[in-house]
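Open the model in your viewer and keep the sequence panel beside it. The tour goes stop by stop, with a selection at each one.

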Amino acid sequence: MSVISDSDIGRLRAILRPGPDTQRDAVIGTEDAKESWGELRVDESLQRFSTMRVGGPARILAEPGSEEETIALIRAAESVGIPYITIGNGSNIVVSDRGVDALVIRFAERFSDVSEVTPEDLPGIPPDQDGNPIPDLSGLLFFRAEAGALLSSVAVRAAKAAGAGMEFAGGIPGSIGGAVRMNAGAYCSEMADILIFARVIDPDGEVRDYRVDQMELGYRESRFSKKGGIVLSVWIALKRGDPREILMRMSELNAKRAASQPLNLPSCGSAFKRPPGHFAGALIEQAGLKGFSIGGAQVSVKHAGFIVNKGGATAQDIYDLSKYIIRTVREQSKVTLDPEICFLGFKHE
Ligand SMILES: Cc1cc2nc3c(=O)[nH]c(=O)nc-3n(C[C@H](O)[C@H](O)[C@H](O)COP(=O)(O)OP(=O)(O)OC[C@H]3O[C@@H](n4cnc5c(N)ncnc54)[C@H](O)[C@@H]3O)c2cc1C
């Protein structure tokens, strides 16, 4: 792992500092810079990094390859006063068509290592609800994943090593860092059931290890969605099972998903959270909105809880359709839907 020196930070600040593009591009283009930070791209469209396939450019896009690189990027961005945001696989974001005037830190292949670990490798032993240490970890299997690892890769890797309990996540197209922030879940299981620790850069710049009971995991939310924080690495604990059975169960769930969801069109999955006592898709359908479009954004005809890009949608189309759905459902059912999609760079997020 590379150690980031003060002179590295100085060079990075030179890249991030607003100034003549030619000067900035000259630093970005050097082999040195690429070696330290991976590729830094200026005004890079985020469209291809979003499963909705919409959105404008990032002022600078970085794909760090380690915790140190990420910390250095954040320190440099803070020291020159440019905002930063983190994305994973872009399966729950819609970036505005104008783009985001920020450093976008994307956790992807360069930061996606997954490994099986022993209890001794864990940052600590998690206590139970009353604060007592869990006495017996025998029989459990432990895995560590870097934030950019895809949930499907972690689930398959774990299944092959006999780790059972992550089958629910095999078809969720997010990174594990994004999944912790969202407490992603499906088929009556969620990240909270398998997580034990996460290493996080807090908004104050400190790196801390959180136990699962400190992560405030709720329905599609976490302390990181409420209070900020960038998830760097994740530790999960799984029961021991039979690899063939685990993989079979995963493909059954994936088949169920394919039968009920419009996976042939770009989307962010469910556009709205499930309101207590209702299903968002049913409310939207009852409001007569199934198939309704604004521009290229459409309420899926296969599953009314999904907004899809039926071709040529802009981010604004998705945003406007989402607002229209909320208004119409509220008028008809007196229920206010809460978006699950994270809208980035919009005036009224
Ligand atoms: C076809 C389809 C099906 C889906 N099915 C499900 C489902 O069954 N269940 C479910 O829960 N979700 C589902 N989703 C939504 C999505 O996959 C999840 O929310 C996923 O966890 C998002 O991960 P991501 O890496 O793509 O995050 P992104 O979309 O990149 O980011 C989402 C949010 O998390 C933040 N973020 C990303 N990485 C980090 C990090 N390392 N640290 C802190 N914050 C971070 C971003 O800033 C953003 O606010 C589905 C999406 C699609 C397209």
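Two strands count as paired if DSSP finds at least two bridges between them. Helices (H or I, at least four residues) and strands (E, at least two) are DSSP runs, numbered from the N terminus. This is a predicted model: local features need pLDDT of at least 70, side-chain atom pairs count only at pLDDT 80 or more, and totals for chains, interfaces and linings use all residues. Residue numbers start from 1 along each chain as its sequence is written.

**Whole protein**

Colour by secondary structure. The protein has 10 helices and 18 strands. Of its 349 residues, 43% count as buried. Buried means that 20 or more other C-beta atoms lie within 10 Å of the residue's own; 12 or fewer means exposed, and in between is partly exposed, with C-beta atoms placed from the backbone.

**Stop 1: the sheet with β14**

Select 267-270 and 306-309. These are β14 and β17. They pair in the antiparallel sense over two bridges. Look across from S270: F306 in β17 stands opposite. Now widen the selection to the open sheet of four strands, ordered β14-β17-β16-β15 with antiparallel pairing. Its edge strands are β14 and β15 (293-294), and each pairs on one side only.

**Stop 2: β11 and its partners**

Select 195-201. Is strand β11 largely enclosed or not? Six of its seven residues are buried, so the rest of the structure largely encloses it. Add 230-240, strand β13: six bridges pair it with β11 in the antiparallel sense. A198 faces V234 there. Next add 207-211, strand β12, which runs antiparallel to β11 and is joined to it by five bridges. F197 has R211 as its bridge partner in β12. β11 and β12 form a hairpin with five residues between them. Zoom in on G205 in that turn, where phi is positive, about 90°.

**Stop 3: around the ligand**

Show the ligand and its shell. A residue is near a molecule if its C-beta atom, placed from the backbone, lies within 6 Å of it. Of the 32 residues around the ligand, G88, G174, G177, G178 and G269 come nearest. Elements giving two or more residues to this shell are β3 (84-87), α6 (176-182), β9 (185-186), β13 and β14. Which element gives the most? It is α6, with five residues. By class, the shell has 17 nonpolar, 14 polar and one charged. Here Ala, Val, Leu, Ile, Met, Phe, Trp, Tyr, Cys and Pro count as nonpolar, Asp, Glu, Lys and Arg as charged, and the others, Gly among them, as polar.

**Stop 4: two positive phi angles**

Most residues other than glycine have a negative phi. Select Y187, in the loop between β9 and β10 (189-190). Its phi is positive, about 50°, although it is not a glycine. Y187 counts as partly exposed, with 14 C-beta neighbours inside 10 Å. Then go to R220, in the loop between β12 and α7 (223-227). R220 also has a positive phi, of about 55°. With 18 C-beta neighbours inside 10 Å, R220 counts as partly exposed.

**Stop 5: G170 and the helix pair**

Select G170, in the loop between β8 (163-164) and α6. G170 is buried, with 24 other C-beta atoms within 10 Å. Not counting residues up to four places away in sequence, G170 touches S152, A155, V156, M250, L253 and N254. Contact means C-beta atoms, placed from the backbone, within 7 Å.

Now select 151-160 and 243-260. These are helices α5 and α8, whose axes come within 8 Å and cross at roughly 155°. Axes are lines fitted to C-alpha atoms, for helices over the stretch in contact, and angles run from 0 to 180 degrees between N-to-C directions. That makes α5 roughly antiparallel to α8; the cut-offs are under 35 degrees for roughly parallel, over 145 for roughly antiparallel, 65 to 115 for roughly perpendicular, and oblique for the rest. A155, A159 and K160 of α5 meet P243, I246, L247 and M250 of α8.

**Stop 6: the mixed sheet**

Finish on the open sheet of four strands ordered β1-β2-β5-β3, with mixed pairing. β3 and β5 (residues 100-106) run parallel, joined by four bridges. T86 has I105 as its bridge partner in β5. Add 67-80: helix α4 lies across β2 (57-62), β3 and β5, at about 165° to β5.

Key:
Two residues are in contact if their C-beta atoms, placed from the backbone, lie within 7 Å.
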